[in-house]
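The following exercises practise reading a protein model residue by residue. Each task is followed by a solution that proceeds step by step.

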Amino acid sequence: MLLRNAAVATMAGVQPYGLIEKAAIKVEQGLISWVGPEADLPPDLEVPGEDLAGRLVTPALIDCHTHIVFGGNRATEFEMRLNGASYEEVARAGGGIVSTVTATRETPEDDLLADALRRVDAMLAEGVSVIEVKSGYGLDRDTELKMLRVARRIEDARPVRIRTSFLGAHAVPPEYTGRADAYIDEICIPSLDAAHAEGVVDAVDGFCEGIAFDTAQMGRVFDRARELGLPVKLHAEQLSNIGGTRLAAAYGALSADHVEYATEEDAAALAGAGSAAVLLPGAFYTLHETQMPPVAAFRDHGVPMALATDCNPGSSPLTSLLLTMNMGCTLFRMTPEEALAGVTRNAALALGLEDCGVIAPGKRADLAIWNVSEPAELAYRIGFNPLERRIFGGAG
Ligand code: DI6
Ligand code: FE
């Protein structure tokens, strides 16, 4: 495959967006073998090729934080909050995450998959090629395993790559109320062992928060992850600052996610550990949060910022990465270039993937072709999908 006459936002290199006008991309065996100005095409590559008439080509998008597998939905809770209840009050009243746990335990595996695929399809239609999927609505061994199997089955059902994160430490299930430590030791860690033994875990995540698990409890889960050789990431500083970001950094985490309440010191810790900050404006928006993540501190410290949907039935019923980019700019004052890097290059970093996220020789040919006149248009529009074509592993 040779794509010609394209504007290529490589997201690599020093110029804004790594943009190359009048560019060509050569794809061989699913990988990019050459990219550059068409005028520099080596003579042996000058096959006729396909004229893209100046269309923008970017790396295919990567959604690096989702809870896309779950049972039921939480429209009722949305209504409760609009009638005055806070997210924490809903959670403490037995709603919130726990109500999705009940639905997820009851839903058969095939139905969970069918439901998740409807959301996956919405993402693919916007040029997504990689989706991270978390467990965490099972909170018992069998349901955590069921969720991770469903996540892996998405790859067989659709042309997409799935990365799975074990999120057993997402909430304390009703049968362990008031006994979070026992839950961690008796259920969470043994479930992680079982999921790892079955080969369905790529990383280990947790929810470090007053309504969930503290840093000591998360530390025990991370110690086991380390023993198993699995990378970690953490929902940290979403509703308050209890030290989750610094814990994540201490374990060399791939990322700390949400991080609205993170401080300059936390940003420095992430930079020191080489961890990404994953910003989730869909949850910020849905929860009417007002505390902005310290974007300027992340910028100053050189912390790679990723953006993701956090697609989940409670705090972020969002499947659009394009809208997420717009929210990253409008709500968090990221630049359109940072937003695009956040769903490509830096999202790959947040997943520990080195073979995608930029357009460069040797990387996977996962590309998105857009009918826009400039890269900033991707983050600028609201609720409009200008995707013309998605290329996955050189096909499409
Ligand atoms: N933080 C979130 O925003 C989601 N999980 C988490 O740890 C919310 C999940 C839910 O409300 O179902
Ligand atoms: Fe999340």
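**Exercise 1.** Determine whether His-288 is buried, partly exposed or exposed, and describe its backbone.

*Solution.* Step 1: The structure is a predicted model, and the relative accessibility computed for His-288 is 65%. Step 2: A residue is exposed if this value is over 50%; His-288 therefore counts as exposed. Step 3: His-288 is located in the loop that joins helix 10 (281-286) to helix 11 (295-301). Step 4: The phi angle of His-288 is near 55°, which is a positive value in a residue other than glycine.

**Exercise 2.** Carry out the analysis for Met-11: where does this residue lie, and is it buried or exposed?

*Solution.* Step 1: Met-11 belongs to the loop between strand 1 (2-9) and strand 2 (19-28). Step 2: Its phi is positive, about 60°, although Met-11 is not a glycine. Step 3: The relative accessibility of Met-11 is 2%. Buried means under 20%, so Met-11 counts as buried.

**Exercise 3.** Classify Thr-286 and Arg-152 by accessibility, and state which helix holds each residue.

*Solution.* Step 1: Thr-286 is part of helix 10. Step 2: Its relative accessible area is 16%, so Thr-286 is buried. Step 3: The side chain of Thr-286 makes a contact of 3.2 Å with the backbone oxygen of Ser-315. Step 4: Arg-152 is found in helix 5, which covers residues 141-157. Step 5: With 21% relative accessibility, Arg-152 counts as partly exposed, because that class holds the values between the limits of 20% and 50%.

**Exercise 4.** Explain why helix 12 is described as largely enclosed by the rest of the structure, and examine both of its ends.

*Solution.* Step 1: Helix 12 comprises 12 residues, 321-332. Step 2: The buried residues of this helix are Leu-321, Leu-322, Thr-324, Met-325, Asn-326, Met-327, Gly-328, Cys-329 and Phe-332. Step 3: These are nine of the 12, so helix 12 is largely enclosed by the rest of the structure. Step 4: At the start of the helix, a side-chain oxygen of Ser-320 comes to within 3.4 Å of the backbone nitrogen of Leu-322. Step 5: Just after the helix, Arg-333 adopts a positive phi of about 60°.

**Exercise 5.** Describe the surroundings of ligand 1, beginning with its location and ending with its polar contacts.

*Solution.* Step 1: Ligand 1 occupies the largest cavity. Step 2: There are 14 residues around the ligand, and those that come nearest are Arg-74, Tyr-87, Tyr-137, His-170 and Ser-315. Step 3: Sorted by character, the shell contains four nonpolar, eight polar and two charged residues. Step 4: In the side chain of His-170, an N or O atom is 2.8 Å from a nitrogen atom of ligand 1. Step 5: A polar side-chain atom of Asp-310 is 3.3 Å from an oxygen atom of the ligand, and for His-258 the corresponding distance to an oxygen atom of the ligand is 3.5 Å. Step 6: On its own, ligand 1 has 320 Å² of accessible area, and the protein covers 100% of it.

**Exercise 6.** Locate His-170 within the chain and give its accessibility class.

*Solution.* Step 1: His-170 lies in the loop that runs between strand 8 (161-169) and helix 6 (180-197). Step 2: Its relative accessible area is 5%, so His-170 is buried. Step 3: Along the chain, His-170 and Ile-211 are 41 residues apart, and their C-alpha atoms are separated by 9.7 Å.

**Exercise 7.** For Met-218 and Ala-203, set the separation from a second residue along the chain beside the separation in space.

*Solution.* Step 1: Met-218 is found in helix 7, residues 215-228. At 0% relative accessibility, this residue counts as buried. Step 2: Met-218 and Ala-248 are 30 residues apart along the chain, with a C-alpha separation of 9.3 Å. Step 3: Ala-203 is placed in strand 9, residues 203-208. Its relative accessible area of 4% makes Ala-203 buried. Step 4: Ala-203 and Leu-45 are 158 residues apart in sequence, and the distance between their C-alpha atoms is 40 Å.

Key
Residues are numbered from 1 along each chain as its sequence is written. Chains are lettered from A and ligands numbered from 1 in the order in which they are written. This is a predicted model: local features need pLDDT of at least 70, side-chain atom pairs count only at pLDDT 80 or more; totals for chains, interfaces and linings use all residues. Side-chain values use heavy atoms; hydrogens and water are left out. A residue is near a molecule or strand if one of its heavy atoms lies within 4 Å of it. A polar contact is a pair of N or O atoms within 3.5 Å; within protein, one must be able to donate a hydrogen and the other to accept it, and residues adjacent in sequence count only if both atoms are side-chain atoms. Accessible areas come from the Shrake-Rupley method with a 1.4 Å probe; for residues, only the protein chains shown count as cover. On a 1 Å grid over the protein atoms alone, a cavity is a set of points where a 1.4 Å probe fits but cannot get out, and a pocket is an open set with protein on both sides within 12 Å along at least five of seven lines; lining residues have an atom within 4 Å of a point. A molecule sits in a cavity or pocket if more than half of its atoms lie within 2 Å of its grid points. Ala, Val, Leu, Ile, Met, Phe, Trp, Tyr, Cys and Pro count as nonpolar, Asp, Glu, Lys and Arg as charged, and the others, Gly among them, as polar. Buried means under 20% relative accessible area, exposed over 50%, partly exposed in between (1.4 Å probe, protein chains only). Helices (H or I, at least four residues) and strands (E, at least two) are DSSP runs, numbered from the N terminus.
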